[in-house]
Amino acid sequence: MDTVTSALLTDLYELTMLEAAREAGTASRRCVFEVFTRSLPEGRRYGALAGTSRVLDAIADFRFDDADLRYLRTAGVLKEETLEHLAEYRFRGDVHGYAEGELYFPNSPVLRIEGTFENAVLLETAVLSILNHDSGVASAGSRMVTAARGRPCIEMGGRRVHEDAAIAAARAAYVVGFASTSNLAAGAHYRVPVAGTAAHAFTLLFDTEEEAFRAQLASQGTGTTVLVDTYDVEQAVRTAVEIAGPGLGAVRLDSGDLGKQAAQVRSLLDSLGATSTRITATGDLDEHRVEELKDEPLDGYGIGTRLVTGGGHPAPGFVYKLVEREGADGRMHPVGKRSAAKETLGAGKAAFRMLVGDTAFAELVLPGEEEVAEFERELVAELTSGASNPEWKRTSMRALQQPLIRGGELVEELRAPARVEAARARHAASVAELGLPADEGPDGEVAIPTITDGVEAARLLG
C-alpha cells in the first residue's frame, strides 16, 4: 500500500522551477530561504508562532512515492529525467528557526532553510500552509487568553473548519494557553486535555428539562456543567441546584446578554447555597467580547469560530523568500526583491530578543555573522565602560533561532505531546517578557520594534 507523503502538498511552479534550474545548471547552487511576515494585522501587538513541529514532520515525510510519480507522469507537466530525480528526493539541508510558541514581529526570520536550490525550493508551500494556519489560530488565541485574565478557555471550534484543520487548531490553541479542547483527535494525537458535557440537543431529547438534568447528573456526576439557557435560565438554575445540590460543578450560558445574565445567575446561585458553582460562557466569543466581560462573574469561556478561523486574520502573511545564494564565483551573495511594496532584506539573518532586565524592548535582526559579531563587541565594550549608560548593564540578548534540522536529520526527536508542552511553556515565558498590562486591552501598537541595524539598536539604549 502506498504511504502518505507531503510531497504533493505543494504548487506546480516549485517543480517546474526545479526542472528549469536543473536544465540551466543552477539547481545545485547553495541557497538560503527565510520565512517571515512583513507586517502584523492592524491592532495586533505581536504574533504567536505555532506549527513548527508539524513543519518538521512534513519535511521528514517530503518524498515522492510511486503514487505521486504516477500522477505526475499522467499530468504530463514534467520530463522523465525530472521525475527520476524526484523519485530520489530527500531534504538534505539545514533548518534553523524560532522555538514553537515564540512571539514574532514584522520581519522576524522565524525559519531559515539552507540547502541547494533544488533541495530547498520544493518546501515552500508545505511550510507556509502549516505556519500560516497554525500561527493564525495561535495569534488570535493568545489574545483571547490574555483577555480572559487567568480564567480557563476551552477550544470548541472543530465543527467550523476542515476536519484536519480542527486538530491543528486545537493544538495551536493549547500552545498559547487554552486549557482544553472539545476535539478528541487533538486529545489522542497531542494529549491536549479534553472537555465536554452536553448540548441543547440533550435537553430537547427529554420531555422536561428536569428529566434531562437528572439524566446528565446521574451519568456524569454533580461536577458536570449544565447548559441552562434552553428555555428559562432562572428556572433551569433552580432545577439544576435542586437536583445536584450546592456541589453542582458549573452552569453554561450560551446566548443572550451574557454579562447581564452572568450577574443574575451568580446572585441566584449564591442565594441557593451553590457558592462554588462556576459559570462558563460560550456563544461566538472573541478576544474583544471576552474583554467586555472582564468584570462579570464568569469563571471560564468556550471559544470556537473566531478562534479557529484566526480571529479575522486567518493567514498571518508568512512568505518563503530566497535571501542568499551561491554565485558563479562560488561565494554566497545576498539577494532580494527591490519592489517598494515587497522589498526583501537580503542575506541570511540572526535574530535576538533584546531585554533590559526581564523585559523585552526590541527584536534585533542582523544580516550576516559579521554584523552580529560587531554588535556583540559594541555591547561588551559598553558594559565594561565606566561611562556606559546604566541600562546597558541590565541588557541581554536572547538568541531566537535554534538548529532544528542538520543534514536532513532532526536535531532532537521528541514525542508529539512533549513538543506541545515545550511550546506552551515557551509561549507563556515570551508573553511575560513583553510586560503588557492586561488592562490595555487586546489592540495596540506593535509591542517592540524590529531593528535591522546594530547601531540603531545601541541608540535605543541611549
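Two residues are said to be in contact when heavy atoms of the one lie within 4.5 Å of heavy atoms of the other, and the packing described below rests on this meaning of the word. The structure is a predicted model, and its single chain is described here from the whole to the parts.

The chain contains 17 helices and 19 strands, and its C-alpha atoms fill a box of roughly 85 × 70 × 40 Å when the box is taken along the principal axes. Of its 462 residues, 50% count as buried, while the area that the chain exposes comes to about 20,900 Å², of which carbon and sulfur atoms supply 50%. Among the contacts with a separation of 6 or more, 74% are accounted for by residues 24 or more positions apart. The charged side chains comprise 48 positive and 70 negative ones, and the centres of these two sets lie 2 Å apart.

The chain is divided into domain 1, made of residues 6–137 together with 314–461, and domain 2, made of residues 197–279. Between the C-alpha centres of domain 1 and domain 2 there is a distance of 48 Å.

Two helices, α11 and α12, illustrate how buried residues are covered by neighbouring elements. Helix α11 occupies residues 233–244, and its end C-alpha atoms are 16 Å apart, which agrees with expectation because 12 residues at 1.5 Å a residue should span 16 Å. The buried residues of α11 are Val233, Ala236, Val237, Thr239, Ala240, Val241 and Ala244, and the elements that cover them include α10 (209–220), β8 (225–227), β9 and α12. An α-helix has 3.6 residues a turn, so residues three or four places apart point the same way.

Helix α12, with 14 residues from 258 to 271, reaches 20 Å from its first C-alpha to its last, close to the 20 Å expected at 1.5 Å a residue. Leu258, Gly259, Gln261, Ala262, Val265, Arg266, Leu268 and Leu269 are buried in α12, and these buried residues pack against α11, β9 (250–253), β10 (278–281) and α13 (287–292). After α12 comes glycine 273, whose phi is positive and near 90°.

A further helix, α9 (residues 200–205), holds phenylalanine 202. This phenylalanine 202 counts as partly exposed because its relative accessibility is 28%, a value that falls between the limits of 20% for buried and 50% for exposed. Leaving aside residues up to four places away in sequence, phenylalanine 202 touches Ala212, Ala215 and Gln216. The C-alpha atoms of phenylalanine 202 and alanine 212 are separated by 6.8 Å, although the two residues stand 10 residues apart along the chain.

Backbone angles call for a separate remark at two positions. Most residues other than glycine have a negative phi. Arginine 149, which is not a glycine, nevertheless has a positive phi of about 55°, and its place is in the loop between α6 (124–148) and β6 (153–155). With a relative accessibility of 29%, arginine 149 counts as partly exposed. Alanine 347 likewise has a positive phi, near 85°, in a residue other than glycine, and alanine 347 lies in the loop between β13 (332–334) and β14 (349–356). The relative accessible area of alanine 347 is 13%, and this residue is therefore buried, since buried means under 20%.

Conventions
Residues numbered from 1 in each chain as written. Predicted model: local features only at pLDDT ≥ 70, side-chain atom pairs only at ≥ 80, totals over all residues. Heavy atoms only, no water. Helix = DSSP H or I, 4+ residues; strand = E, 2+ residues; numbered from the N terminus. Buried < 20%, exposed > 50% of the residue type's maximum accessible area, 1.4 Å probe, protein only. Areas by Shrake-Rupley, 256 points an atom, 1.4 Å probe, with all protein chains shown as cover. Lys, Arg positive; Asp, Glu negative; His and termini not counted. Charge placed at Lys NZ, Arg CZ, Asp CG, Glu CD. Domains from an automatic or database assignment. Expected span 1.5 Å × (residues − 1).
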